[in-house]
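Thanks for coming, everyone. Please have a look at the structure on the screen, and then I'll walk you through it.

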Amino acid sequence: MQFEGEHLLPGQIGHFFVLLAFIASIISTIAFATAGYKKDLIEIKSWLNFARLAFITQLISAAIIFITIFYICANHYFEYMYAYKHASKELEPKYLLACIWEGQEGSFLLWTIWHSVLGILIMAKAKEWEAPVMTVISFAQCFLLMMLLGLYVGDVRLGSSPFILTRNEIAGPI
């Protein structure tokens, strides 16, 4: 159901890229781990190329998530719970960037981005031990991105999506 004046497209785009980043982090973890166990140089190179592609996909997706959250907060789309909690019309534009990592979801996203930067540096410089180290970094990315999905395990919610609608979280006439 869509209400008048709601801007649902940014949240749908953001949620899609959260899913894409999560899946890419799982794929890169498996591919880096497989490259670490292979003995044939051609197979290792093939698995590393596949893992790097998945990791770069995850990095680009995380950047798009960050931009999407900034867009939501900068335009004061309070139909999203994250903007409702952390952005304000009184905030100067220079502080809108800081409101992104003010909440739990933004902090996990910031850690994801910094792990991605670290991963890019390792892929560029440390060729000899790239596979085992990137396996660990990609595995950590899986957990960080899982916290952005807001998965339910039974009645317990793991993490929280920054793209949850306010009307679905607050009981009352909105």
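Of the 174 residues in this protein chain, 43% count as buried. Keep in mind that this is a predicted model. Along its principal axes, the C-alpha trace spans about 65 × 40 × 25 Å.

What is the chain built from? It has seven helices and two strands. Reading from the N terminus, the order is α-α-α-α-α-α-β-β-α. Now take the contacts between residues at least 6 apart in sequence. Of these, 67% join residues at least 24 apart.

Let's start with helix H2, residues 41-74. How far should the 34 residues of H2 span? At 1.5 Å a residue, the expected value is 50 Å. The end C-alpha atoms of H2 are 49 Å apart, so the two values agree.

Next, the partner. Two packed helices are described by the angle between their axes and the distance between the axes. Here are both for H2 and helix H6, residues 130-149. Their axes come within 12 Å and cross at roughly 35 degrees. The crossing is left-handed.

Which residues meet there? From H2, they are Leu 48, Arg 52, Phe 55 and Gln 58. From H6, they are Glu 130, Ala 131, Met 134, Ile 137, Ser 138, Gln 141 and Leu 145. Sorted by class, this contact has six nonpolar, three polar and two charged residues.

Look at the spacing of the H2 residues in that list. An α-helix has 3.6 residues a turn, so residues three or four places apart point the same way.

Stay on H2 for one more residue. Ser 61 sits in this helix. Is Ser 61 buried or exposed? Its relative accessibility is 1%, so Ser 61 counts as buried. Leaving out residues up to four places away in sequence, Ser 61 touches Phe 17, Leu 20 and Ala 21. Ser 61 and Ala 51 are 10 residues apart along the chain, and their C-alpha atoms are separated by 15 Å.

Now the cores. The largest nonpolar core has 27 residues. Within it, Ile 65, Ile 69, Cys 73 and Leu 109 touch the most other members. Which helices supply at least two residues each? They are H1 (9-37), H2, H3 (81-86), H5 (104-125) and H6. H2 gives the largest share, with six residues.

Pick out Leu 109. Setting aside neighbours within four places in sequence, Leu 109 is in contact with Ala 62, Ile 65, Phe 66, Ile 69 and Leu 148. Another core, of 13 residues, lies apart from the largest one. Its members include Leu 48, Ala 51, Met 123 and Met 134.

On to H5. Its 22 residues should span 32 Å at 1.5 Å a residue, and its end C-alpha atoms are 32 Å apart, so that agrees too. Which residues of H5 are buried? The list is Glu 105, Gly 106, Leu 109, Thr 112, Ile 113, Ser 116, Gly 119, Ile 122 and Met 123. What covers them includes H1, H2, H3 and H6.

Back to H1 for a moment. Ala 35 is found in this helix. At 4% relative accessibility, Ala 35 counts as buried. Beyond neighbours within four places in sequence, Ala 35 is in contact with Ile 44, Trp 47, Leu 48 and Ala 131. Ala 35 and Phe 17 are 18 residues apart along the chain, with 26 Å between their C-alpha atoms.

Two loop residues to finish. The first topic is His 76, in the loop between H2 and H3. Most residues other than glycine have a negative phi, and most peptide bonds are trans. His 76 has a positive phi, near 55 degrees. At 21% relative accessibility, His 76 counts as partly exposed, because buried means under 20%.

Then there is Ile 164. This residue lies in the loop between strand E2 (156-158) and helix H7 (166-169). Ile 164 is buried, because its relative accessible area is 17%. Not counting neighbours within four places in sequence, Ile 164 is in contact with Glu 79, Tyr 80, Met 81, Arg 157 and Glu 169. Ile 164 and Gly 150 are 14 residues apart along the chain, and their C-alpha atoms are separated by 9.2 Å.

That's the tour. Over to you for questions.

Note on methods:
Residues are numbered from 1 along each chain as its sequence is written. This is a predicted model: local features need pLDDT of at least 70, side-chain atom pairs count only at pLDDT 80 or more; totals for chains, interfaces and linings use all residues. Side-chain values use heavy atoms; hydrogens and water are left out. Axes are lines fitted to C-alpha atoms, for helices over the stretch in contact, and angles run from 0 to 180 degrees between N-to-C directions. Helices (H or I, at least four residues) and strands (E, at least two) are DSSP runs, numbered from the N terminus. A crossing is left-handed if the near helix is turned anticlockwise from the far one by less than a right angle, and right-handed if clockwise. Contact means heavy atoms within 4.5 Å. Ala, Val, Leu, Ile, Met, Phe, Trp, Tyr, Cys and Pro count as nonpolar, Asp, Glu, Lys and Arg as charged, and the others, Gly among them, as polar. The expected span of a helix is 1.5 Å times one less than its number of residues. A nonpolar core is a set of buried Ala, Val, Leu, Ile, Met, Phe, Trp, Tyr and Cys residues joined through side-chain atoms within 4.5 Å. Buried means under 20% relative accessible area, exposed over 50%, partly exposed in between (1.4 Å probe, protein chains only).
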